[in-house]
Amino acid sequence: MDDKALIREALEARKMSYSPYSGFMVGAALLAKNGKIYRGCNIESSSYSPTNCAERTAFFKAISEGVHEFTAIAVVGAHCDAKPEEFGYAYPCGVCRQVMMEFCDPKEFRILTAKSEDEYTSYTLRELLPNGFGPNDLNQQA
Ligand code: THU
């Protein structure tokens, strides 16, 4: 699976966004090591705080099916009135980065933030969450 194909999946996922309150539509496509892709969109709530980001939707779909190993995620976010290719990049929020930290190797896992399949950034999780706290840190001796 190349980057462009994963971004196309995120663009498709964005179409499913349920975002009547912010109007900000986000799609994500999470590539598992087994080759499967899990799409996610943001899902908002009239009471606001239950809102779930597109990235976490994708992760939770995969985890709920027993898949725990991942290679990369592509994210596309733009206001509903805008074209993603004319909007700024939408990087994962801090909560989503922490969820990624739970399941992904920060040195290996790649986060693609895209405007289109030709215009995107690529960072490792370690770059977007330096010195992140993960499952291994619970076992460390001081
Ligand atoms: N959102 C995401 O889905 N992913 C992000 O990384 C940033 C924000 C959503 C949450 C909310 O539905 C809308 O974008 C505005 O914050």
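Which elements each supply at least two residues of the lining of the second largest pocket? In this predicted model, strand S1 and helix H2 each meet that condition. The report below describes this pocket, the ligand and the largest pocket in turn.

**The second largest pocket**

The second largest pocket has a volume of about 160 Å³. Its lining consists of 14 residues, and those nearest its centre are Phe24, Val26, Asn42, Cys53 and Glu55. Sorted by class, the lining of this pocket comprises nine nonpolar, three polar and two charged residues. The ligand sits in this second largest pocket. Strand S1 (24-32) and helix H2 (54-64) are the elements that give two or more residues to the shell around the ligand.

**The ligand and its surroundings**

The shell around the ligand is made up of Ser22, Phe24, Val26, Asn42, Glu44, Thr51, Cys53, Ala54, Glu55, Tyr91, Pro92 and Cys93. By class, these shell residues divide into seven nonpolar, three polar and two charged. Polar contacts involving oxygen atoms of the ligand are listed below.

| Residue | Protein atom | Distance to a ligand oxygen atom |
|---|---|---|
| Asn42 | N or O atom in the side chain | 2.9 Å |
| Glu44 | N or O atom in the side chain | 2.5 Å |
| Tyr91 | polar backbone atom | 3.3 Å |

On its own, the ligand has 370 Å² of accessible area, of which the protein covers 78%. Asn42 appears both in the table, through its side chain at 2.9 Å from a ligand oxygen atom, and among the residues nearest the centre of the second largest pocket. For Tyr91, in turn, the contact is made by a polar backbone atom, at 3.3 Å from an oxygen atom of the ligand.

**The largest pocket**

How much space lies in the largest pocket? The space amounts to about 240 Å³. The largest pocket is lined by 15 residues, with Met101, Pro106, Gly132, Gly134 and Asp137 lying nearest its centre. The lining of the largest pocket contains five nonpolar, five polar and five charged residues, while that of the second largest pocket has nine nonpolar, three polar and two charged residues.

Key:
Residues numbered from 1 in each chain as written. Predicted model: local features only at pLDDT ≥ 70, side-chain atom pairs only at ≥ 80, totals over all residues. Heavy atoms only, no water. Near = heavy atom within 4 Å. Polar contact = N/O pair within 3.5 Å; in protein donor to acceptor, adjacent residues only side chain to side chain. Areas by Shrake-Rupley, 256 points an atom, 1.4 Å probe, with all protein chains shown as cover. 1 Å grid on protein atoms, 1.4 Å probe; cavity = no way out; pocket = protein on both sides within 12 Å on 5 of 7 lines; lining within 4 Å. Sits in = over half its atoms within 2 Å of the grid points. Helix = DSSP H or I, 4+ residues; strand = E, 2+ residues; numbered from the N terminus. Nonpolar A, V, L, I, M, F, W, Y, C, P; charged D, E, K, R; others polar. Points joined across faces, edges and corners; volume = space filled by probe spheres on them.
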